[in-house]
Amino acid sequence: MRRLTPLAAVLALFTTPPALAETLAITGGRLITAGPQGTLETGVIVIRDGKIVSVGRAAPPPGARVLDASGAVITPGLFATGSLLGAVEISALGDDLSVDNPQIGAAFDLREGLDPASTLIPVARTGGLTSAVVLPQPAGGGFAAHEHDGEVSGRRLTAGGGHEPRPNTLFAGQGAVVRLNGAPDMVVRGGVGISVAFGATGAQAGGGARGAQIAALRAVFADVRAFAANRSAWETGAYRELGLSKADLEALVPLVQGRTPLVARVHRAADIRAVLRLARDEKLRLILEGAEEGWMLAREIAAAGVPVILNPITNRPDTFEILGATLENAARLHAAGVTLAFTAPEGAAHRARETRYGAGTAVAWGLPWDAALAAVTINPARMFGVGDRTGSLEPGKDADLVIWSGDPFEPLSTPRAVYIRGQAQDLTTRQTQLRDRYKDLGGPLPPAYRHR
Amino acid sequence: MPRPAAWTVALAALVLSSCATASGAPPKARPGAAATKALPAGLDPVARQDAFPSTYRPLPSAPFAITGARAYTGTGAALENATLIVRNGRIAAIGEGLPVPAGLETLDARGRWITPGLIDAHSHLGVYAAPAVPAHSDGNELTDPTTPEVWAEHSIWPQDPGFNTARIGGVTTVQILPGSGNLIGGRGVTLRNVPARTMQEMKFPGAPYTLKMACGENPKRVYGSRGRAPSTRMGNVAGYRAAWIEAADYVRKWDDYRDKVSRGEKADPPRRDLGLDTMAGVLRGEILVQNHCYRADEMAIMIDIAKEFGYRISSFHHALEAYKIADLLAQNGICTATWAGWWGGKIEMYDSIEANVPLLEAAGACGVIKSDDPDLIQRLNQEAAMALAAGRAAGLEISEAEAMRWITSNPARALGIADQTGSLEVGKRADIVLWDRNPFSIYARTETVFIDGAIAWDRRDARYQPRSDFDLGQPGEGAR
């Protein structure tokens, strides 16, 4: 083994930040747009003021700074969907996504608690991620422990005696789409969906049985409609009592009106069917999250036009709700016409950079490559209402893109440069700083004297 | 890295005695115990160390050859147009373009890759079986911080569907460990990853036992939260040392007893103690310490404890900060079994870097990629690829053939079975994975997994696609 020239010198060519109002033309790369233009074997993408100006084969405009990306692959920036990014630093210390407050369920808006300075965000960028869909975690149904020496996580400890705490609220709260630039303006859009856990977790919120939760939800939706139609009477106390706090009633109006989707965390085929029925009866927009047994009713999901967020690598019967889990879930759902978005292990946070590997694994198990790319780019963008801004390489969209050394799903490919709104992102992380501090253990002074 | 010679000899002795027991021959008397009058059954700690003997029998196989493959041999080498010949479950020949004897069944593997069967040095399959219901939580005996008397093998449920999915991922050998809630958590065991009715049918014949120890947050949190020791890291260290003092004293008592008996003096035997038997086995070099430890400073302390009491640490597990003391680990010949991309679950997991194993490799230390997870165990090749990419990004030139050692021969070394498996070399067990493409590709899938020369899994032949009892009659019938 011998040491190579550090890549940093090479990367510096890519990561020089563009001057304000500069026009940047990236040439020579294979452009995979995830948009109507499909894939251009060698294309030119022109960026100005943070936006994509053009995508095509035309020569760079005069005066543009030209960045030669010959031999590289250029994709839209990837999405971490169903993510905890910005809301967790050390899992054991908790996250800012789980609420157990009877007054604040649907009204919980996680965007208020996000931290752009989280060290997880730069690490996620090194996986080619430029956006995340951050979703609330149902109390008692979330990633309770996130601790993976696999043995003494909270789940394992409680596993000896009893169940996870019963959630007080039917609704986990509202998600947000964020850009992973680590800046104060990281929130692209809030209130992008209201999360509810179904199945065993939802049964606890309903008082102990699945059917009770569904009945409780139907009653709540009726109350919210009554609230929306009789708001002034309710305000003056001239209307009957409604089952939720005012904040929650307000938050649920867009849900019952079909403007904000219900994000249903649901796993078992029978439970998915029950959720599809509920959404149809209540005329709700629905997104399924989890859906490990979704393949068993793929046609019903497709016919309902319901998109699915799933983790492509979930294939073991870890609970009685996912006995039918298989690595072919994504391929089968796609074949039936279901729109997919991919999450990553443990809430796509510390391990968010594995999003692209999950996509590749789905391809290995039968999903067409382009469908896998869509599931980590344009599909989540559209599902959560930012498809007009990002998720594909199209003129007018934010210049969120990644220049890869090769196939973006391959572990041996690396992002050479990551752009968010036209800004080249620093790919230094706390982890690369540690690496560089300890790479050579010799030297007269302790490592503590080495830092940038 | 050469092993201390004495240790190798001790290991070889254990392998021999275990094999003999497994084949039904009477246990060999230990040197120095020759004159011992037989103690009543169950009271002599060394008379029947193999109390739960392996009943492993290889699956049916016939001699065959693989030709035209590209190979990562697990020794750090890559071969083009490789021929590999298997007879009697062992590798009989391997090389580039070797002739195949007439009449030998031949698998044309042009365009495909072969590697050794993968070895996972850290798994809880069977002891935390799927489905993860409370009744399957069998990996942590959290009733006392020091439980060397428990053996992971007594918790293993062979019907855990995770064994099958791990095999599809190419894993042919797996170490099952107790959890990390205790300072000394109990014995680990190494298994052949074959479908079986009993744990004994999976037990790797002659593989040394291991002892799980754990540093850091877990033990102090578990017991500190109960208002008892340990509640601090210094409490952890006091706990290990107290346990080793007991073990040393136990060894002394037995040595005294045997000395007296050999001199013909009347002597009362010490009372046998299961936990101290295990710890004495470590002090004799027969049982290999597998030490869960994240932080660099704690690993350095554990190395000193090992020296204080005269035992060896075979590997540190998780060890996310191993790169900070790569030199120390190399000097002490200790392997590091870790991930590439896992971090941040606890504060002691905060300083993870993806290039941990590559930096260890660069320092001449033994790096192992392991799973500790029933999902990751299905994709050890991907995790190794992530580590490799991180090493290259750090400016290290590491070949794919070298990186393959992290999931084959290096874990074999950490488990004391490198003479048996972990590389494609003549005489080794024919544990072989046939991949449809380069295993460092995300798209790679196993086509056939051979264990001791027998087909244990075949992607295209339903006769070789085992399913757990648990999966029968369930949605999907266990087609994962």
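**Exercise 1. Which residue in β9(A) is the bridge partner of Val178(A)?**

Before you start: this is a predicted model, where local features need pLDDT of at least 70 and side-chain atom pairs count only at pLDDT 80 or more, while totals for chains, interfaces and linings use all residues. Residues are numbered from 1 along each chain as its sequence is written, and chains are lettered from A and ligands numbered from 1 in the order in which they are written.

Step 1. Find the strands, which are DSSP runs of E with at least two residues, numbered from the N terminus, just as helices are runs of H or I with at least four. You want β8 (173-179) and β9 (187-197) of chain A, an antiparallel pair with five bridges. Two strands count as paired if DSSP finds at least two bridges between them.

Step 2. Go across from Val178(A) and you land on Val187(A) in β9(A).

**Exercise 2. Place that pair in its sheet, and find the edges.**

Step 1. Read off the strand order in chain A: β6-β7-β8-β9-β10-β11-β12-β13, an open sheet of eight strands with mixed pairing.

Step 2. Check the ends: β6 (78-83) and β13 (340-342) of chain A each have a single partner strand, so one side of each has no neighbour in the sheet.

Step 3. Add the twist, which averages 25° from one strand to the next. Angles here run from 0 to 180 degrees between N-to-C directions, with axes as lines fitted to C-alpha atoms, for helices over the stretch in contact.

**Exercise 3. Work out which strands pair with β1(B).**

Step 1. Take β4 (105-108) of chain B: it pairs parallel with β1 (64-72) of chain B over four bridges, and Ile66(B) has Leu107(B) as its partner there.

Step 2. Now try β2 (78-87) of chain B, which runs antiparallel to β1(B) with six bridges. Ile66(B) turns up again, this time bridged to Leu84(B). Five residues sit between the strands of this hairpin, and Gly74(B) takes a positive phi near 85°.

Step 3. Finish with β5 (113-116) of chain B, joined to β1(B) in parallel by two bridges; Ala71(B) partners Ile114(B).

**Exercise 4. Decide how far to trust chain A.**

Step 1. Start with pLDDT, the predictor's confidence in each residue, from 0 to 100. Chain A averages 91, and 89% of its residues score at least 70.

Step 2. Flag the weak stretches: pLDDT is below 50 over residues 1-16 of chain A and under 50 over residues 150-164 of chain A. Where pLDDT is low, don't read the predicted coordinates in detail.

Technical notes: Two residues are in contact if their C-beta atoms, placed from the backbone, lie within 7 Å.
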